[in-house]
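Got the viewer open? Let's take a walk through this one, stop by stop, with something to select at each.

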Amino acid sequence: MARVALVTGGTRGIGHAISIALKNSGYRVAASYAGNDAAAQAFQAETGIPVYKFDVGNYETTEKAVKQIEKDLGPIEVLVNNAGITRDTMFHKMTKQQWDEVIGTNLNGLFNVTRQVWEGMRSRKFGRVINISSINGQKGQMGQVNYSASKAGDIGFTKALAQEGARAGITVNVICPGYIATEMVKAIPQDVLDKAILPQIPVGRLGEPNEIARAVVFLASDEAGFITGSTLSANGGQYFA
Ligand code: NDP
């Protein structure tokens, strides 16, 4: 029986590529999203992957939604915590709301979703949790104190939980992408990309969503069972941690 994978934020950007790559590798995939119904419906029509709308920052609705996904598809054995947002501004202008929204989605979201599937993974003695952090959680980025803190938190979450899951056959790893060509990055003006961003990337180009997705497929595989607690930098050589 094919394993079931949940990709949070799996309808757009990097998550879109992850959902498709897992499906093409034989998983039964569920993709979640927050509010962009048009993108989710187009994704479902394009891929046949079922979509589920819930805010990963809300514990109660997440609990309900994960129960529904497991009822529809079966126990979740692979969880990709990919949903993430930015609310960028300099710290002296940052509001509590901007702080709370980013921590709520990017860090609390990992607790809220992983907590729902953890007991099942423990009892079945198999699980794969793959978190999508960011290069800016590793190195810090001005204008992103909230985002960098949340993404650094994702790395700590991974390292601690990996130790707890190890004897239960559960691996927990984190991927830190650099600049990836999603809508978010494509919205940056070309001259800013050319003058300020691309010169910092040794390979001289943005990453492609599928280059993150292939790493997820590998970490999800049975063969990756000895890799846990790892931080995988996928950033074109921009930063080594
Ligand atoms: P996008 O903005 O393209 O897509 C984000 C996805 O997450 C959407 O499906 C969105 O749903 C969903 N989402 C957002 N907030 C929530 C929430 N509260 N609950 C549930 N789902 C939510 O993002 P990217 O593909 O660019 O980024 C994906 C991940 O990769 C993020 O964690 C990001 O921080 C990280 N990352 C991205 C980089 C990049 O260069 N793009 C670089 C490094 C890290 P909806 O469509 O409904 O809005």
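**First stop: Gly143**

Select Gly143 and show its contacts: setting aside residues within four places in sequence, Gly143 touches Asp88, Thr89 and Met90. Keep in mind as you go that this is a predicted model. Gly143 itself sits in the loop that links α5 (135-139) to α6 (145-165). Is Gly143 buried or exposed? Neither label fits: it counts as partly exposed because 15 other C-beta atoms lie within 10 Å, while the buried class starts at 20 and the exposed class ends at 12. Now add His92 and draw a distance: its C-alpha atom is 9.6 Å from that of Gly143, with the two positions 51 residues apart along the chain.

**Zoom out**

Show the whole chain as a cartoon and you'll find nine helices and seven strands. The C-alpha trace spans about 50 × 40 × 35 Å along its principal axes. A compact globule of 241 residues would have a radius of gyration near 18 Å, so the 17 Å of this chain agrees with that. Of the contacts with a separation of 6 or more, 70% join residues 24 or more positions apart.

Next, colour residues 3-183. An unreviewed UniProt entry annotates this stretch as "domain: Ketoreductase". Over that range the chain is 52% helix and 18% strand, and the C-alpha atoms at the two ends are 30 Å apart.

**Into the core**

Colour by burial: 44% of the 241 residues count as buried. The largest nonpolar core has 54 residues, and the members touching the most others are Ala5, Ile18, Leu22, Val80 and Val216. Pick Leu22 and look around. Beyond its neighbours up to four places away in sequence, Leu22 touches Ala5, Val7, Tyr27, Val29, Val217 and Ala220.

**Around the ligand**

Which residues are closest to the ligand? Select Gly9, Gly13, Ala34, Asn36 and Gly84, the closest of the 30 residues that surround it. Then highlight α1 (13-24), β2 (28-33) and α7 (183-186), the elements giving two or more residues to this shell. Coloured by class, the shell shows 13 nonpolar, 14 polar and three charged residues.

**Last stop: Lys125**

Finish in the loop between α4 (96-124) and β5 (127-132), where you'll find Lys125. Check its backbone: Lys125 has a positive phi of about 60°, even though it isn't a glycine. Lys125 counts as exposed because it has 10 C-beta neighbours inside 10 Å.

Methods
Residues are numbered from 1 along each chain as its sequence is written. This is a predicted model: local features need pLDDT of at least 70, side-chain atom pairs count only at pLDDT 80 or more; totals for chains, interfaces and linings use all residues. A residue is near a molecule or strand if its C-beta atom, placed from the backbone, lies within 6 Å of it. Helices (H or I, at least four residues) and strands (E, at least two) are DSSP runs, numbered from the N terminus. Ala, Val, Leu, Ile, Met, Phe, Trp, Tyr, Cys and Pro count as nonpolar, Asp, Glu, Lys and Arg as charged, and the others, Gly among them, as polar. UniProt positions are given in the numbering used here, feature names are shortened, and annotations may be inferred rather than shown by experiment. The radius of gyration is taken over C-alpha atoms; the globule rule is 2.2 Å times the number of residues to the power 0.38. Two residues are in contact if their C-beta atoms, placed from the backbone, lie within 7 Å. A nonpolar core is a set of buried Ala, Val, Leu, Ile, Met, Phe, Trp, Tyr and Cys residues joined through C-beta atoms within 7 Å.
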